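Colleague: I am new to this one and would like to see a single part up close rather than a quick tour of everything. Please pick the strands you would start with and walk me through them, along with whatever helps me find my way around.

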Protein chains: 2
Amino acid sequence: MAEPPTLPARTGADLLCETLLAQGVDHCFANPGTSEMHFVAALDRQPRMRCVLGLAEGVVTGAADGYARMADRPACTLLHTGPGLANGLANLHNAKRANTPIVNIVGDHATYHLAFDAPLTSDIDSLARPMSHWVGRSASAEDLGRAAAQAVSEARTAPGRIATLVLPADHAWSPASTKPPTAAASPPPASPDPAALARAAAALRRGPGTVLMLAGRGLRAEGLALAAAIAATTGARLLAPQANARVERGLGRVSIDRVPYVVDKALAMLKETASVVLVGAKAPVGFFAYPGKPGSMLPAGCEVITAARPEDDGLAALRELAARVGADTAAAREAARPLFAARRELARPTGALTATTVAQAVVALLPEQAIVCDESVSSGRDFFPMSWHAAPHDYLQITGGAIGLGIPLATGAAVAAPGRKVVALQADGSAMYTLQGLWTQARERLDVVTVIFSNRRYAILHGEYVQTGAGVPGANARRLFDIEDPALDWVALARGMGVGAERADTAERFCSVLEAALARPQGQPFLIEAVI
Amino acid sequence: MAEPPTLPARTGADLLCETLLAQGVDHCFANPGTSEMHFVAALDRQPRMRCVLGLAEGVVTGAADGYARMADRPACTLLHTGPGLANGLANLHNAKRANTPIVNIVGDHATYHLAFDAPLTSDIDSLARPMSHWVGRSASAEDLGRAAAQAVSEARTAPGRIATLVLPADHAWSPASTKPPTAAASPPPASPDPAALARAAAALRRGPGTVLMLAGRGLRAEGLALAAAIAATTGARLLAPQANARVERGLGRVSIDRVPYVVDKALAMLKETASVVLVGAKAPVGFFAYPGKPGSMLPAGCEVITAARPEDDGLAALRELAARVGADTAAAREAARPLFAARRELARPTGALTATTVAQAVVALLPEQAIVCDESVSSGRDFFPMSWHAAPHDYLQITGGAIGLGIPLATGAAVAAPGRKVVALQADGSAMYTLQGLWTQARERLDVVTVIFSNRRYAILHGEYVQTGAGVPGANARRLFDIEDPALDWVALARGMGVGAERADTAERFCSVLEAALARPQGQPFLIEAVI
């Protein structure tokens, strides 16, 4: 074998790494390969960059999503060529739908090697575009400072974007002497349109029949308090979309309902709505289409007013709306008090373990300032409606319908929020897509308690099949919907990745296992298989 | 809840399913979602279609690859919208590089629902194109017969292609009365160019200094025998590419070497080469680029003659070349006899368990007509050089460098070849990408014995890092290369998915566990964690 070459004193990869740090990106969720070795060498020279390994790329991108939702700033990912990016796209889809800022660094072959069409060659840019707001490439090693700074700026553009920078190996390994660009401020969100605000205020003043639908920063404590005062003053109704990146929830916070996932229920909830005022939210639509059912969840003739687009300053919009409807007074805030969760029911469930008793137990036992990551799909529909009287917590959920986010999301949220307990509510079928994330929880000593709703089926598909009118699932359908035969042993799977685990099949046992899991010393992730 | 609608007596999905069956596609590797429910209902009406569930889409597409490599005809996959396809793209990349025929059915929203930009909406066509040779959509329910027949025909176009058909939900659920198109014959491969064959024959007749490089059908027994006669007659050298979809190998077959993965070794092997004659193969290039090393593995001035492109009839080319160089005689076949593997060394290894002793044990114990699926990466480099004296077997390996193929590939190969033992040689790091495939092996009662090379690291990256000249990996690099802390417990992981498993840490123990695993009754997959 030939002697290895001499590594330049400073490479393009060093410039890239220095630029990321200068722009405030100091977490790298990674699954590298050969073409990224010089970037890894640069990371090695920068102990300030925390590197978190995911054993599959869905873990990497999902964790970057969870991290940024809690840290309110982007991490970077490190992915290996087109296939590595492809493996991470599903959770980038979720992150894009959550308006999460992420900077993807995707290694590619050396520029001159592409002509050889080596086995790992693929069209990375085309793969990246559907799940990215911005896709860029460096022009040279010296250009990597500019390219990285632009990627971070794009990611931080309101409300949060996916920026993908393709890194040719020869740019990473060639010498670079350029200084990293100085840190840029986050681009400010756009100002809401005053004319739209005026129309929105008029609709809100009409009170009942108007829905104020919030997303983004509007679902944090400050935005919810403003919205509650508006609702109390005008009689308008507060609602959140079906899926949300982050909601501040629990005792002392405003309890807000969501639009239901099931079309008939959503239509029923919204059928008397004359006007919808959107603050960072989109008008509610069916998650899927069904024969003979509408795509919009709003009744015919319903007025839709976009007071603030997702990229606008939603808090500014709420402040302005509050002022316009007279809700910026102490009296209005006092009138809103009933909308805040103040009562706490601590009763622990007993008897059979069901989706409902699992939810009751989590509500009763949730620690202060926990982070709940919800990919419980059909099993978890009971949780949110009762979680307003849990201890104050952040609620993160899957936003883009690409299942396999839950375990990575919890992993990244825990990385971002040391000292807080993360509780992942996780459907078993969905958990299997990215169970590799459990290993990262063990490796990084993360305070995550994962609750697996173990019903041994894609329960949602059983329900959806009935909606086709095909009747009872036959042999082929059951082979595709049921994940019994063999049953998954989640205790074994978790322990196989270094995560402690227990099984529970009664409500009492689940409560005691959950209580013990939450009382474990810091840095000991745990999994509970809730057999329901 | 509203009553479910009445399912039409025959839907577009039924037409699609009937067409697939009529065209000889009777295996469906699937991970469906809501938008594919009517296709599932159609599958339910067609018990002739064997449905195989994968708990992650990388399992689905990788198994479809393994199936088609052994069955020599395409299966279809069923994937759920853009993110479901995205999760399967990495193994479609490998399949594309293996020239494997696959028909992907990707469910999409109803056509009229796309305008609502519901959460799961994405640009499926753009995602599909980089890893597909053909991407199509149906125009209506009635069009699904034409669309499906075209997809199958595209997949079966030589040497084998990836065809992706996007299936809008409303086309699947709407009534269809059209008959399925009648079965079409596979499009024949193109005829080799006579002028190129003449140049190739001339180069072969020059003997030493000429390499005859085979791929595709040239690596099955018939092609190899023709090539051996040519080599014995002319003195030309036989070689296979570094990565191959399927090689017929072992006692009684022609023992052929591969171009090494390591650039310096490949350059050394080929440095005296004056001419390369390609039959279905591409000229050898570096898997990756390295500073100061060439991209082509051929010496300067080496003549490259494409006797048959991958899409040409390679066997016809070999027959014609044999005739032109006088190798189509009994004497030539007799002269080729030394190129056939005839000796068998059955010595079992003893002592320490290493990558080498694992390979020795597998060679010694491999059953007749086994199928070896190799994603052992750096740990498995000893196997192929000694496998020519194993029992006759088929050898399948990862072709596109997108790790995470091995377990699914073995799964699909076992589905295609009941009654044959499948032995998967599997690196631990790569195994983690698609370990969910073990569950499918248990569900489908497949005769797969998976050997995990458990070195608890991405060993290849340690080697590649040194090649950057960065010296010994530091803290961040080790955090990205090593998968100890915690160690993965592969016995627990396998059992958690219903697959029996044992650990071995000496050569003697490995031999006895492997022997017992191979002797298990049919339908009991097993995993051996080889701690090396």
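Modeller: Happy to! First, the names: helices (H or I, at least four residues) and strands (E, at least two) are DSSP runs, numbered from the N terminus. The model is predicted, so local features need pLDDT of at least 70 and side-chain atom pairs pLDDT 80 or more, while totals for chains, interfaces and linings use all residues. Residues count from 1 along each chain as its sequence is written, chains are lettered from A and ligands numbered from 1 in the order written, and side-chain values use heavy atoms, without hydrogens and water.

Let us start with strand E13 of chain B, which covers residues 370-375. Six of its six residues are buried (under 20% relative accessible area with a 1.4 Å probe, protein chains only; exposed is over 50%, partly exposed in between). Because of this, E13(B) is largely enclosed by the rest of the structure. You can check this from either side of the strand. On one face you will find B:Ala370, B:Val372 and B:Asp374, on the other B:Ile371, B:Cys373 and B:Glu375, and every one of these residues is buried.

Now look at what lies beside it. E13(B) pairs with strand E14 of chain B, residues 393-397 (two strands pair if DSSP finds at least two bridges between them). The two strands run parallel and are joined by five bridges. To trace the pairing by eye, go to B:Ile371 and look across into E14(B), where its bridge partner is B:Asp394. Then move on to B:Val372, which has B:Tyr395 of E14(B) opposite. E13(B) also has strand E15 of chain B, residues 422-427, as a partner, again in the parallel sense and over five bridges. A handy landmark there is B:Cys373, which stands opposite B:Ala424 in E15(B).

Step across to E14(B) next. This strand is mostly covered too, with five of its five residues buried. One side carries B:His393, B:Tyr395 and B:Gln397 and the other B:Asp394 and B:Leu396, so to speak, two covered faces, since both sets are buried.

Which further strand joins E14(B) in the antiparallel sense? That is strand E9 of chain B, residues 247-249, connected to E14(B) by three bridges. Here B:Glu248 has B:Asp394 as its bridge partner. So B:Asp394 is worth a pause: it is the bridge partner of B:Ile371 in E13(B) and of B:Glu248 in E9(B).

The strand with the matching name in chain A lets us add some aromatic rings. A pair of aromatic rings is described by the distance of the centres and the angle of the planes. Rings of Phe, Tyr and Trp (its six-membered ring) pair if their centres lie within 6.5 Å, and planes under 30 degrees apart count as stacked, over 60 as edge-to-face and the rest as tilted. A search of the whole structure finds twelve such pairs over all chains. One of them is formed by A:Phe384 and A:Tyr395, a tilted pair at 4.9 Å centre to centre with 55° between the planes. A:Phe384 belongs to helix H14 (residues 383-386) and A:Tyr395 to strand E14 (residues 393-397), both of chain A, so that distant parts of the chain, eleven residues apart, are linked. Both of these residues are buried.

Back in chain B, B:Tyr261 and B:Phe287 form a pair that is tilted because the ring centres are 5.3 Å apart and the planes stand at 50°. B:Tyr261 lies in the loop between strand E10 (257-258) and helix H10 (263-270), and B:Phe287 in the loop between strand E11 (275-279) and strand E12 (303-308), so the pair ties together parts 26 residues apart in sequence. B:Tyr261, at 17% relative accessibility, is buried, and B:Phe287 is buried at 11%. In chain A, ring pairs link A:Tyr261, A:Phe287 and A:Phe288 into a cluster.

Two more stops in chain B round off the view. Helix H2, residues 37-44, is mostly covered, with eight of its eight residues buried; among them are B:Met37, B:His38, B:Phe39 and B:Asp44. For contrast, visit B:Pro189, in the loop between helix H7 (169-173) and helix H8 (194-205) of chain B. At a relative accessible area of 37%, B:Pro189 is partly exposed. B:Pro189 and B:Gly33 lie 37 Å apart, C-alpha to C-alpha, and 156 residues apart in sequence.
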